[in-house]
Amino acid sequence: MKRPLIAGNWKMYKTFDEARAFAHDLVRRVFDVDGRDILVCPSFPYIAELAQAFRGTNVMVGAQNVFYEEQGAYTGEVSAPMIVSAGATHVIIGHSERRQYFHETDEGVNRRVRASLRASLLPIVCVGETLEEREASQTLDVVARQVEHGLAGIEPADAARLSVAYEPVWAIGTGRTATPAMAQEVHAHIRRVLSGLFGEQTASTIRILYGGSVKPDNVDELMAERDIDGVLVGGASLDAGSFERIIRYRG
Ligand code: PGA
């Protein structure tokens, strides 16, 4: 049994004071939770503050994006070594909002994954089909392509350090969740693709998270599926009470 990862993606929400207050509240709420990895991914300016608030606790902090060069004249970008030096352990890569609004490609995802692994920053690589692709029965092909291209050339030993998040685009922020069976079908497929890339042994250790309208009232049934090893939570991670309930899913 893999240790589940419960990750919150705050997207572009919360002020600095709200972020700090949330961090202290969350730590009090979940200090007794054992055997589950808990991660909060705020905007860049809050990473160092949250890392400080979470020091010595069971909560970790991650970034929502990373640039693939280490340093240089790239105004406005943030590198993996910078993120690590601010206290983050993880980074979300290739979120559908990055792909949609900022034109990130599978190749860009691949470069970000490599740069992150080089800096010992643990990637959470997002994949998922659009509604049109699902309706055209292309889901499994699209997701396989995103995994294969996004993780091309990664060594199995490195692959063991990353997670994949399956986030159907039509389920993000819409209140429409994939049913547990729909999610499980895609997760099992991702596991097969990972086996092809890295071998069965490594693939069995890689956590595959589900994301897309995960809420307190659907997390239990999602986490009951065999190949769902955690969740990536957007809207419901902004409230400490609902995020706590998700962290305390009944499995
Ligand atoms: P949501 O977002 O939970 O608000 O649907 C999930 C995500 O985009 O990671």
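1. Start at Gly 173. One of its polar backbone atoms lies 2.7 Å from an oxygen atom of the ligand. The protein covers 97% of the 280 Å² of accessible area that the ligand has on its own. Keep in mind that this is a predicted model.

2. Two further polar contacts deserve a look. An N or O atom in the side chain of His 95 sits 2.6 Å from a ligand oxygen. At Gly 234 the partner is a polar backbone atom, 2.9 Å from an oxygen of the ligand.

3. Now the shell around the ligand. It has 13 residues, and the closest are Lys 11, His 95, Glu 167, Gly 173 and Ser 213. By class, seven residues of the shell are polar, four are nonpolar and two are charged.

4. Next, the cysteines. A disulfide is a covalent bond between the sulfur atoms of two cysteines. How many disulfides does the structure hold? The count is zero. Cys 41 takes part in none, and the nearest cysteine sulfur, in Cys 126, is 9.4 Å away.

5. Why is Cys 126 not bonded? The closest cysteine sulfur to its own is that of Cys 41, and 9.4 Å is too far for a bond. The cut-off for a disulfide is a sulfur pair within 2.5 Å.

6. Are these two cysteines buried or exposed? Cys 41 has 0% relative accessibility, so it counts as buried. Cys 126 is buried too, with a relative accessible area of 2%. The cut-off for buried is under 20%.

How values were computed:
Residues are numbered from 1 along each chain as its sequence is written. This is a predicted model: local features need pLDDT of at least 70, side-chain atom pairs count only at pLDDT 80 or more; totals for chains, interfaces and linings use all residues. Side-chain values use heavy atoms; hydrogens and water are left out. Buried means under 20% relative accessible area, exposed over 50%, partly exposed in between (1.4 Å probe, protein chains only). A residue is near a molecule or strand if one of its heavy atoms lies within 4 Å of it. A polar contact is a pair of N or O atoms within 3.5 Å; within protein, one must be able to donate a hydrogen and the other to accept it, and residues adjacent in sequence count only if both atoms are side-chain atoms. Accessible areas come from the Shrake-Rupley method with a 1.4 Å probe; for residues, only the protein chains shown count as cover. Ala, Val, Leu, Ile, Met, Phe, Trp, Tyr, Cys and Pro count as nonpolar, Asp, Glu, Lys and Arg as charged, and the others, Gly among them, as polar.
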